[in-house]
Amino acid sequence: MFDKLKNGLGRLRDRWQSQSRIKKVSLSLALISVFVVIGIVYYMNTRIQYGVLFTDLSDADAGTVTKELKSENIPYKLTDDGKTIMIDQSKVDQTRIDLAVDNKLPNSSTGFELFDSTNVMTTDEDRKVMYQRAVTGELERAIESLNEVEKAKVMLVTPKQSVFDDDGKEKKAKASVVLTLKGSGITDSAVQGIVALTAGAVENLSPQNVKVVDSNGQLLSGNSSDDNQMSNYSTKYMGIQKAYEKMLEDKINKLLRPIYGTNKLRVSVNLDLNFDSIERKMVTYNNPKIRSENVQTTGNGQATQNTQTGEANNNASNVTGSSSSSDNGSYSRSVNNELDTQTTKIISAPGSIKRMTSSVVVNGDLSQNDQNQIKTLVSSAIGFDQGRGDAINVQGIDFVKHRKSTNDNTKSKKKKSNLWLYVGAGAGALLLIGSIIGTILIIRKRRQNNEDEYYEDADVTQPTTPQDEENLEEQSEKKSAEDKKALELAAKRERAQKDKDEKAKEYADKHPEEVADLLKAWMKEK
């Protein structure tokens with residue numbers, strides 16, 4: 001067996017030595033190529049294609065995840081200074097699911113699933129702490145679901161309520177929210193939504209006790225001072241006033257523009273609005289009727305009544321009369337009247353007009369009749385009320401005409417000079433191209449002349465036969481024909497170039513601005 005192997009190797013060695021050098025090199029290169037291809041295929045099939053498992057991890061979260069990966073014998077790779085963990089691309093989804101089942105995801109807030117692991121040994125105090133943690137986790141999840149928020153941290157302060165408190169007041173809860181934003185900022189409406197969400201999820205927590213800050217420490221909400229509230233109110237009411245004024249101005253413009261034109265009319269309306277909300281209550285009493293009557297008499301005499309029968313007296317009125325005899329006596333009568341009562345409650349909504357002034361300026365002179373007509377039209381369009389002190393001013397004044405300043409003139413002059421400069425540069429470039437073409441044609445002509453002289457010299461020095469003379473005559477005729485064609489072609493090119501130059505000059509004279517823009521583009525490309 002060993003001898004056969006040795007003989008086989010010997011024959012291979014002899015065959016290899018008998019080959020030429022070129023064959024040896026080619027066979028070696030082919031063998032190396034086969035091994036390289038096999039190695040590349042093996043590497044591509046066995047290498048690990050890493051995919052991103054988690055990014056932007058803190059040190060604690062990265063340590064927790066890598067510890068879990070080590071326990072599961074999953075190869076991983078850390079990048080971005082340990083903030084990004086990468087594993088096999090085919091295992092990314094399954095690994096995330098396994099970590100979520102074991103509640104080991106990074107930055108994962110625990111919600112009400114805390115109560116899934118409670119037992120009978122859990123005390124009431126533990127349950128309170130677990131409930132607060134659960135609410136905090138649910139709030140963090142809800143806030144992180146917003147498009148503008150990347151991470152959220154919620155801290156709650158819920159004071160203990162006791163029946164033995166001296167003041168008897170219920171203590172208020174407080175909350176602080178720290179936001180890590182995805183972009184450069186967050187809208188005020190989103191911040192107010194976070195405040196409302198937090199206040200609604202916690203008992204005894206008012207929006208004024210919720211503070212929201214970003215990761216830079218900038219306060220986003222929680223400032224409920226009276227100055228800010230007044231600023232918000234003033235901004236709101238100023239917007240209402242501006243919108244109202246614009247509506248009235250549009251009415252006037254729509255009415256007068258067809259008469260005087262768009263650019264010959266200017267309108268301004270100023271409103272003084274009352275944003276106070278007033279509530280009035282009025283009580284009216286009508287149709288008095290006797291509800292009850294009480295009459296008392298003493299003594300032997302007969303008392304007289306001062307009021308007439310059926311007359312309605314004031315409520316609980318006493319009428320006393322005296323006897324007509326010498327005996328002492330008294331008479332007393334008490335009457336209670338029934339009154340119809342009507343209560344009226346009036347609430348004046350904010351935004352009523354206290355005073356309105358309008359100004360209309362028309363380009364040109366206006367007669368007094370025209371001014372009166374404009375005032376009549378405007379007053380009917382905007383609801384003019386002279387009792388409020390409203391006023392309408394109409395004037396006819398010549399508008400200022402726009403004139404070009406000296407700077408504009410100098411700029412236009414510079415532009416024109418630059419334009420002619422570009423035109424001259426273009427013409428020079430065309431002449432340069434024409435001269436280059438002419439130089440090339442001259443060089444070709446000289447070469448042809450030199451070749452003709454060479455053949456002439458050759459004819460003189462060498463003896464010629466009749467057949468050679470015929471060949472020379474044919475060659476000379478061919479050359480003359482070719483030279484003639486070359487000259488005609490050169491003449492055509494020169495004429496075409498002249499025509500192009502003339503057309504270019506004419507186009508530059510007629511359209512200097514376009515030529516200047518074209519030259520600018522060429523210069524930029526170069």
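Asn73 sits in the loop between helix 3 (59–71) and strand 2 (76–79), in what is a predicted model. This loop is a handy place to start, since the neighbouring pieces lead straight into a small sheet. That sheet is open, has three strands in the order 1-3-2, and pairs them in the antiparallel sense. Further along the chain there is another open sheet of three strands, this time ordered 7-11-12 with mixed pairing.

**Two loop residues with an unusual backbone angle**

- Most residues other than glycine have a negative phi.
- Asn73 goes the other way, with a positive phi of about 60° although it is not a glycine.
- Is Asn73 buried or exposed? Asn73 counts as exposed, because its relative accessibility is 67% and the cut-off for exposed is over 50%.
- Asp81 also has a positive phi, near 55°, and is not a glycine either.
- You'll find Asp81 in the loop between strand 2 and strand 3, and at 76% relative accessibility Asp81 counts as exposed.

**The 1-3-2 sheet**

- Strand 1 (50–54) and strand 2 are the edges: each has a single partner strand, so one side of each has no neighbour in the sheet.
- On average, neighbouring strands here are turned by 35° against each other, ignoring direction.
- Strand 2 and strand 3 run antiparallel and are joined by four bridges. Look for Tyr76 standing opposite Ile87 in strand 3.
- Helix 3 lies across strand 1, strand 2 and strand 3, and runs at about 20° to strand 3.
- Helix 4 (residues 92–101) packs on this sheet too, touching strand 1 and strand 3, with its direction at about 20° to that of strand 1.
- Thr84 belongs to strand 3 (residues 84–88). With a relative accessibility of 8%, Thr84 counts as buried, because buried means under 20%.
- What does Thr84 touch, leaving aside neighbours within four places in sequence? Its contacts are Val52, Phe54, Thr55, Asp56, Lys77, Leu78 and Thr79.

**The nonpolar cores**

- In soluble globular proteins, nonpolar side chains tend to be buried together.
- The largest nonpolar core here has 21 residues, and the members touching the most others are Ile143, Val149, Leu179, Ile186, Ile194 and Val212.
- Which elements supply at least two residues each to this core? They are helix 5 (124–144), strand 4 (149–157), strand 5 (174–181), helix 6 (188–201) and strand 6 (210–214).
- Leu179 is a good residue to click on: beyond its neighbours within four places in sequence, its contacts include Ile143, Val149, Ile186, Ile194 and Val212. Lys151, Asp214 and Ser215 are also among the residues that Leu179 contacts.
- A second, separate core has 18 residues, including Ile252, Leu273, Val362 and Val378.

**The 7-11-12 sheet**

- Strand 7 (265–274) and strand 12 (391–397) are the edge strands here, each pairing on one side only.
- Neighbouring strands of this sheet are turned by 10° against each other on average, direction ignored.
- The mix in the pairing is easy to trace. Strand 7 and strand 11 pair antiparallel over 10 bridges, while strand 11 (residues 352–363) and strand 12 pair parallel over seven bridges.
- Val362 shows up on both sides of this story: Val362 is the bridge partner of Leu265, and Val362 also stands opposite Gly396 in strand 12.
- To get from strand 11 to strand 12, the chain crosses through helix 8, making a right-handed β-α-β crossover.
- Asn363 stands opposite Ile397 in strand 12.
- Helix 8 (residues 368–382) lies across strand 11 and strand 12, at about 140° to strand 12.
- Asp370 is in helix 8 and is partly exposed, with a relative accessible area of 26%.
- How far apart are Asp370 and Gly396? They are 26 residues apart in sequence, and 9.6 Å apart in space from C-alpha to C-alpha.

**What the UniProt record adds**

- The unreviewed UniProt entry lists residues 25–44 and 419–443 under "transmembrane region".
- In the model, residues 25–44 are 100% helix and 0% strand, and the end C-alpha atoms of that span lie 28 Å apart.

Methods: Residues are numbered from 1 along each chain as its sequence is written. This is a predicted model: local features need pLDDT of at least 70, side-chain atom pairs count only at pLDDT 80 or more; totals for chains, interfaces and linings use all residues. Side-chain values use heavy atoms; hydrogens and water are left out. Two strands pair if DSSP finds at least two bridges between them. Axes are lines fitted to C-alpha atoms, for helices over the stretch in contact, and angles run from 0 to 180 degrees between N-to-C directions. Contact means heavy atoms within 4.5 Å. A crossover is right-handed if, with the strands pointing away from the viewer, the path from the first strand over the helix to the second runs clockwise. UniProt positions are given in the numbering used here, feature names are shortened, and annotations may be inferred rather than shown by experiment. A nonpolar core is a set of buried Ala, Val, Leu, Ile, Met, Phe, Trp, Tyr and Cys residues joined through side-chain atoms within 4.5 Å. Buried means under 20% relative accessible area, exposed over 50%, partly exposed in between (1.4 Å probe, protein chains only).
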